[in-house]
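Colleague: I should like to learn how to read a model of this kind, feature by feature. Could we begin with the vocabulary and then turn to the case at hand?

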Amino acid sequence: MRGVPQGGETDSETGQPGNCRPVAADPVRVSAELDQLEHRCCEGQQPGDEVQDGLASTGGQRPEHRQDQQDHGRHGTFDVGDEVVGLAMEDVSNGTYAELVTAPAAALVSKPGNMEFTTAAAVPLAGLTAAQAVSGEGLAISSGETVLVHAAAGGVGTFAVQLARRTGARVIGTASPRNADYLRSLGAEPVEYGDGLVERVRELAPDGVDAALDLAGGEALDQSAELLRDPLRLISAVDPRVFQLGGRMIQAHPNRGQLEELLDLVSKGDVHVEIAEVLPLDRVARAHDVIAEGHVRGKLVLDLTA
Ligand SMILES: NC(=O)c1ccc[n+]([C@@H]2O[C@H](COP(=O)([O-])OP(=O)(O)OC[C@H]3O[C@@H](n4cnc5c(N)ncnc54)[C@H](OP(=O)(O)O)[C@@H]3O)[C@@H](O)[C@H]2O)c1
């Protein structure tokens with residue numbers, strides 16, 4: 001099996017890579033075909049360390065084995081060879097890229113038949129983070145509100161803009177000028193990030209914004225605090241300093257209902273999935289270099305079959 005084990009470690013009992021032990025009462029072993037790439041910054045981490053230290057991943061996968069046949073029907077009816085999609089965080093919270101992983105059946109849903117694995121692989125983590133940020137468990141965005149989304153052209157931002165627009169909200173999204181038309185195509189009003197952002201947003205929304213989703217960290221938090229009418233409606237997926245400003249952190253978690261809804265929207269063409277590049281596993285270091293540069297539009301996807 002090819003893969004990048006969690007934390008680069010092997011399991012002390014089995015000697016297998018750390019992501020191969022059973023993870024729940026209802027584990028399904030899946031062969032991963034495509035993995036979405038997600039980058040997490042760790043303090044003191046060097047670019048060369050990132051492959052081993054900070055990854056979370058899931059994607060379009062095929063079950064190879066179901067541990068508990070009686071579970072059939074409770075969390076879905078997966079048979080060997082079914083095409084599934086999921087966010088398998090329980091056992092790989094620090095992440096892995098591997099051809100075989102175990103995942104709780106409760107984290108998996110069927111891949112829509114008309115959807116490419118490449119597209120499906122890009123949905124779970126970015127889509128669920130955005131859905132949970134926009135919905136009642138996050139900012140509870142509603143029709144007529146104005147929401148500011150930082151790093152709106154990234155993987156999470158691309159979903160967040162579209163999901164917020166679907167509630168009937170007005171969305172102002174931050175990006176560099178090269179992504180202005182892209183953000184418009186998603187339904188957002190683009191503003192350039194950096195110095196002067198507060199003034200640029202006030203030109204569009206003189207009374208400020210109702211809610212802000214921070215996917216960039218740093219100055220984006222302070223700028224959001226200045227623009228928000230209610231400091232409590234600030235959520236960050238990135239920067240824990242949000243707590244000092246009265247906001248909250250969001251941590252994506254598996255949710256089958258939300259994932260099925262997202263996949264349905266994508267398969268109907270109601271939500272666009274942007275994929276910057278598809279790379280083979282042996283180019284994962286290159287993929288992380290690109291992510292570290294901070295300008296990926298949408299998602300990078302690893303093709304584990306290549
Ligand atoms: N907490 C969670 O559960 C969770 C889940 C998923 C992701 N995350 C985190 O969320 C963050 C966003 O991830 P992502 O995959 O959506 O995108 P990303 O790859 O981290 O960011 C790419 C985007 O950031 C934009 N960008 C770069 N510098 C910026 C700045 N100073 N201000 C605003 N935008 C800027 C770029 O736009 P330009 O090219 O136009 O500059 C690019 O489109 C990451 O830090 C990720 O680790 C957290």
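Modeller: Helices (H or I, at least four residues) and strands (E, at least two) are DSSP runs, numbered from the N terminus. By that rule, Glu116 is placed in the loop between strand S8 (108-110) and helix H2 (117-121). This is a predicted model, in which local features need pLDDT of at least 70 and side-chain atom pairs count only at pLDDT 80 or more, while totals for chains, interfaces and linings use all residues. Residues are numbered from 1 along each chain as its sequence is written.

Colleague: How many helices and strands are there in the protein?

Modeller: The protein has nine helices and 16 strands.

Colleague: Is Glu116 buried or exposed?

Modeller: A residue is buried if 20 or more other C-beta atoms lie within 10 Å of its own, exposed if 12 or fewer, and partly exposed in between, with C-beta atoms placed from the backbone. Glu116 has 16 other C-beta atoms within 10 Å, so it is partly exposed. Leu300, found in strand S16 (residues 299-303), is buried because 25 other C-beta atoms lie within 10 Å. Leu232, in the loop between helix H7 (219-227) and S13, is exposed, with 12 other C-beta atoms within 10 Å. In the protein, buried residues make up 49% of the 306 residues. In helix H3 (124-134), eleven of eleven residues are buried.

Colleague: Which residues does Leu232 touch, leaving aside those up to four places away in sequence?

Modeller: Two residues are in contact if their C-beta atoms, placed from the backbone, lie within 7 Å. On that basis Leu232 touches Gly246 and Gly247. Across the protein, among contacts between residues at least 6 apart in sequence, 64% join residues at least 24 apart. Separation in sequence and in space can also be read from C-alpha atoms: Leu300 and Ile275 are 25 residues apart in sequence and 5.9 Å apart in space, C-alpha to C-alpha.

Colleague: In what order do the strands of the open sheet lie?

Modeller: Two strands pair if DSSP finds at least two bridges between them. Six strands form the open sheet, in the order S11-S10-S9-S12-S13-S14, with parallel pairing. S11 and strand S14 (248-249) are the edge strands, each pairing on one side only. Strand S13 (residues 234-236) is joined to S14 by two bridges, and Ser236 stands opposite Met249 in S14. Strand S10 (residues 170-175) and strand S11 (residues 189-192) run parallel and are joined by four bridges. From S10 the chain crosses through helix H5 (residues 180-186) to S11, and this β-α-β crossover is right-handed. A crossover is right-handed if, with the strands pointing away from the viewer, the path from the first strand over the helix to the second runs clockwise.

Colleague: Why does the ligand shell lie between domain 1 and domain 2?

Modeller: A residue is near a molecule if its C-beta atom, placed from the backbone, lies within 6 Å of it. The ligand is surrounded by 32 residues, the closest being Ala151, Gly154, Val156, Ser176 and His295. Domain bounds come from an automatic or database domain assignment. Domain 1 (3-123 + 273-303) and domain 2 (127-249) both give residues to the shell around the ligand, so it lies between them. H3, helix H4 (155-166) and S10 each supply at least two residues of this shell.
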